[in-house]
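Let's take a walk through this one together. Have the sequence and the 3D view open as you read.

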2 protein chains.
Amino acid sequence: MKKTKERAFTCGLDAAIAVMGGKWKGLILFALQDGPLRFGELRRAVAGISERVLILQLREMETTGLLHREVYHQVPPKVEYSLTEFGHSLNTAMASLGEWGEENIERIEAIPWDQVG
Amino acid sequence: MKKTKERAFTCGLDAAIAVMGGKWKGLILFALQDGPLRFGELRRAVAGISERVLILQLREMETTGLLHREVYHQVPPKVEYSLTEFGHSLNTAMASLGEWGEENIERIEAIPWDQVG
DNA sequence: TCGGGTACTCACAAAGATGTAAGTATGGGT
DNA sequence: ACCCATACTTACATCTTTGTGAGTACCCGA
């Protein structure tokens, strides 16, 4: 998602996309819906994401208030990520989108993606 | 959105994001929900989009089956874009996301976007 | 002293998305 | 002959996102 300075949204959908935008945030939200996860657990839960990108996404989502980061001062270190109320509410709002995707997953997989774009 | 070759989705949300991904498709879907629009009308309806990007998005959405393109052989030319059933169903699924955005738009606008990322 | 586990951080690179400005084709009206 | 409107198309530049691989800090136990 673009990071312009003027964040004047044209509608609610625009605003929502700004917050959950990109390829990964929805999946991270999804992975955290059943409770907090540690960094390593998240990495395994979100298949295919690199450590670097995961951290970047987590930082953004912390800044936007979607999730909470809890550090346990132990050795080895332990950090738990969990959804805030805000994050939970977004997750709820995205549930129907996820259902739509599951209902249509065969059709979506059949799309000739190499011709798109 | 990334265009990898292996389109194996991890869940429905992943698939849905692949289809409506990016900054603009949601808004285009939204603009078309009340009926077909011509190219120029769409450009005005989706504030801030450039002609080039609008066309790219429309082409993608045509390929993914979200919308239909009807050409009227006139001079000056007339082209109408409308949602397919598939597009309508996605729009319906995104309604709750749009509502969430509207309910939280003040909070979202208050996010320090220049510190995100 | 050395390796192990965790959660990062850094430098670098590539891929993808978006933007700008100009040009094309058409035929009707003036 | 010239301009208009519409819907693109093209070339180019830039910005954002994603990826790769290595390295860091910490303390503990062997």
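Start at A:Gly22, which sits just after H1(A) and takes a positive phi of about 90 degrees. This is a predicted model, where local features need pLDDT of at least 70, side-chain atom pairs count only at pLDDT 80 or more, and totals for chains, interfaces and linings use all residues. Residues are numbered from 1 along each chain as its sequence is written, chains are lettered from A and ligands numbered from 1 in the order in which they are written, and side-chain values use heavy atoms, leaving out hydrogens and water.

Now for the two copies. Chain A lands on chain B after a rotation of 180 degrees with 0.0 Å of shift along the axis (RMSD 0.0 Å), superposed by least squares on the C-alpha atoms of residues with pLDDT of at least 70 in both. That is how a two-fold axis relates things. A:Gly22 turns up again here: of the residues of chain A, its C-alpha comes closest to the rotation axis, at 3.4 Å.

Back up to helix H1 (residues 12–20) of chain A; helices here are DSSP runs of H or I with at least four residues, strands are E runs of at least two, and both are numbered from the N terminus. Nine of its nine residues are buried, so H1(A) is largely enclosed by the rest of the structure. Buried means under 20% relative accessible area, with a 1.4 Å probe and protein chains only. Those buried residues pack against helices of both chains, including H5 (85–103) of chain A and H6 (105–109) of chain B, where contact means heavy atoms within 4.5 Å.

Notes: Buried < 20%, exposed > 50% of the residue type's maximum accessible area, 1.4 Å probe, protein only.
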